[in-house]
Amino acid sequence: MLKLSRYVLYDILRNKIVIAYTLFLLLVSFSMFRMEDNSSKAQLSLLTIVLIVLPLVSLVFTTIHYYNSYEFIELMLSQPLSRTKILLSEYAGVCLSLLSAFWIGVGVPVLLFSADATGFALLFTGSALTIVFTSIAFYTSVRSKDKARGIGFALLLWFYFALIYDGLVLLTLYAFSDYPMEKFTLLLSALNPIDLGRIFIMLKMDISVLMGYTGALYKDFFGSGTGVLFTTGIMLLWALIPLWLALRSFRRKDM
Amino acid sequence: MIRIEEISKKFRRLQALDHISVRFTEGQVVALIGPNGSGKTTLIKSVLGMVRPDSGRIFVKDQPVSGDPSYREHIGYMPQIGRYPDNMKVGQLFDMMQKIRNREHTDTDLLYKFNIPAIYEKPMRTLSGGTRQKVSAALAFLFDPSILILDEPTAGLDPLSTEILKEKIQKEKKKNKLILITSHVLSDLEELTTHIMYLQDGKLQFFKDFETLQEETGELRLSKAIARVMQGFEPASEWIDELFDVHPKGKQQDKKK
């Protein structure tokens, strides 16, 4: 499998979009740390970028890459290779290249300017989000044969996870404000990897005091070892389930 | 070598393949012909395991296509459109294939005749359509496979390269290989084919060897012979007329009969 991933990786690392993405992240990170004298403020601004831009780029780039590699995947299918192997190699190639863009673009500045717990939480969340959204994009692009529909669906998913979901959560919380919702909001956070990542980092930043009783509960939960395990576990599920679904439908698919 | 048993495939409403059974053995050069959308590519893709038939079974060297992918070691495939990763270099592509197959390049004949080592350092995206077609052809023959499947091999190639490719096919034919070719350019197939398989609307209309066809129709040339047979088929005749430019008078007389 690694044989194939290596060449996919070679190809993507020389891709102009990935290079531009790396430079963009690098520029943003450096300017954040340069402009703010307080490094935790810079981390907060960087967090916003990570939570919005990373999922978007992962979804759109993966989708476009999949459709552009369609004929190449066909050629691989004519070789003595199993379908699972082919899709996993493509996945590994895309995932590793997006991750290396993130590590160079955000990882290096964070390690240089603020290598503390929050910084590492930021790197963990960013890597997890990249992997999760690459998986999701693979699933949606394997499912739809039409390129335009695939990209449209990827954008729709991004809107849902980055914007609409928060609105829905607020609406629910408002509607049931008479009931104790603290435990329930914990569950809600698990249903959106972006939210989960945000809470995970925020609580490392000591701003949870501003969030009242819920914040205290969160701090209690996410601050502990269980919280870290919980976050890692949920992120892993978010990465593995779409990937498994993608493999399942790729094995049955007609090319 | 390839045994196809009663395969059917439906894409939404379109019946792409309709209960097709056929047997190909070594030494045959089979020309797969039929109008656009008649199921030629679907048939080829089914043999390669890219399309999963709704019913029926396919065996390649007695190995079922639906199982272990190792049967594809025996197949060299040249696709209709060859597109490769944009930034991959030509040399890397050949390297990768060698690693995938875990074998040395055994048949570098076309590789050198098309002068591909000269462009090893070029990225794939800079190649013209014809050059990419040459790369595809060289890849198909690279591991000396006993079955060759060529989908529109001469489309986009210049006359000189077409000649080189035809010579190569001729040479492989003598090695007692099974070669499947689809093409719209019947004159290209003329000197190569031993058998003709005609598909229409997903149905197998006939599978005959060239000599029988020549005898039956009294025509020596492939295009004429097929045109003659097809005049019997009403739905096909329009396409055939267009393709071979059969004299309209002939058709009218036929109808009067």
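In which hand, right or left, does α3(A) cross α9(A)? Hello everyone, let me start there. The crossing of α3(A) past α9(A) is right-handed. Before I go on, please keep in mind that this is a predicted model.

Let me stay with that pair for a moment. Helix α3 of chain A covers residues 39-68, and helix α9 of chain A covers residues 193-202. Their axes lie 11 Å apart, and the packing angle is about 160 degrees. Angles over 145 degrees count as roughly antiparallel, and α3(A) and α9(A) are therefore described that way. Who makes the contact? From α3(A) we have A:Leu47, A:Leu51 and A:Pro55, and from α9(A) come A:Ile194, A:Gly197, A:Arg198 and A:Ile201. Sorted by class, the contact between α3(A) and α9(A) holds five nonpolar residues, one polar and one charged.

Now, α3(A) has another partner to show you, helix α5 of chain A, residues 83-113. Here the axes come within 11 Å and cross at roughly 170 degrees, so α3(A) and α5(A) are again roughly antiparallel to each other. If you want to follow along on the screen, the α3(A) side has A:Ser39, A:Leu46, A:Val50, A:Leu54, A:Ser58, A:Phe61, A:Thr62 and A:His65. Facing them in α5(A) are A:Val94, A:Leu98, A:Phe102, A:Val106 and A:Phe113. And which classes do we find in the contact of α3(A) with α5(A)? There are nine nonpolar residues and four polar ones, with no charged residues.

One more stop in chain A, at A:Glu182. You'll find A:Glu182 in helix α8 of chain A, which runs over residues 182-190. A:Glu182 counts as partly exposed because it has 13 C-beta neighbours inside 10 Å. Take a look at A:Tyr218 too: A:Glu182 and A:Tyr218 are 36 residues apart in sequence, and their C-alpha atoms are 8.5 Å apart in space.

Let's walk over to chain B by way of the contact between the chains. Chain A puts in 21 residues and chain B puts in 25 residues. On the chain A side, α1 and α4 (70-77) each supply at least two of the residues that touch chain B. By class, that side of chain A has nine nonpolar, five polar and seven charged residues.

So, chain B itself. Its secondary structure comes to ten helices and ten strands. Of its 257 residues, 41% are buried. Taking contacts in chain B between residues at least 6 apart in sequence, 67% join residues at least 24 apart.

The helix I'd like to show you here is α2 of chain B, residues 90-101. This helix has twelve residues and spans 17 Å from first C-alpha to last, close to the 16 Å expected at 1.5 Å a residue. Which residues of α2(B) are buried? They are B:Val90, B:Gln92, B:Leu93, B:Phe94 and B:Met96. And what do the buried residues of α2(B) pack against? They pack against α1 (2-13) of chain A together with α4 (129-141) of chain B. So this helix has partners in both chains.

Just past the end of α2(B) comes B:Asn102, with a positive phi near 60 degrees. Then there is B:Arg103, in the loop between α2 and α3 (109-113) of chain B. B:Arg103 is partly exposed because 13 other C-beta atoms lie within 10 Å. Setting aside neighbours within four places in sequence, B:Arg103 is in contact with B:Gln98 and B:Phe143. By way of a longer look across the chain, B:Arg103 and B:His184 are 81 residues apart in sequence and 34 Å apart in space, C-alpha to C-alpha.

To finish, two further backbone spots in chain B. B:Lys61 is not a glycine, yet its phi is positive, near 50 degrees. B:Lys61 sits in the loop between β4 (55-60) and β5 (63-64) of chain B, and with 14 other C-beta atoms within 10 Å it is partly exposed. B:Glu152 also has a positive phi near 50 degrees in a residue other than glycine. Its loop lies between β7 (147-151) and α5 (159-174) of chain B. B:Glu152 has 19 C-beta neighbours inside 10 Å. A residue is buried from 20 such neighbours upwards, so B:Glu152 still counts as partly exposed.

That's my tour, thanks for listening!

Methods
Residues numbered from 1 in each chain as written. Chains lettered and ligands numbered in written order. Predicted model: local features only at pLDDT ≥ 70, side-chain atom pairs only at ≥ 80, totals over all residues. Helix = DSSP H or I, 4+ residues; strand = E, 2+ residues; numbered from the N terminus. Expected span 1.5 Å × (residues − 1). Buried ≥ 20, exposed ≤ 12 C-beta atoms within 10 Å, placed from the backbone. Contact = placed C-beta atoms within 7 Å. Nonpolar A, V, L, I, M, F, W, Y, C, P; charged D, E, K, R; others polar. Axes fitted to C-alpha atoms, helices over the stretch in contact; angles between N-to-C directions. Parallel < 35°, antiparallel > 145°, perpendicular 65-115°, else oblique. Left-handed = near helix turned anticlockwise from the far one by under 90°.
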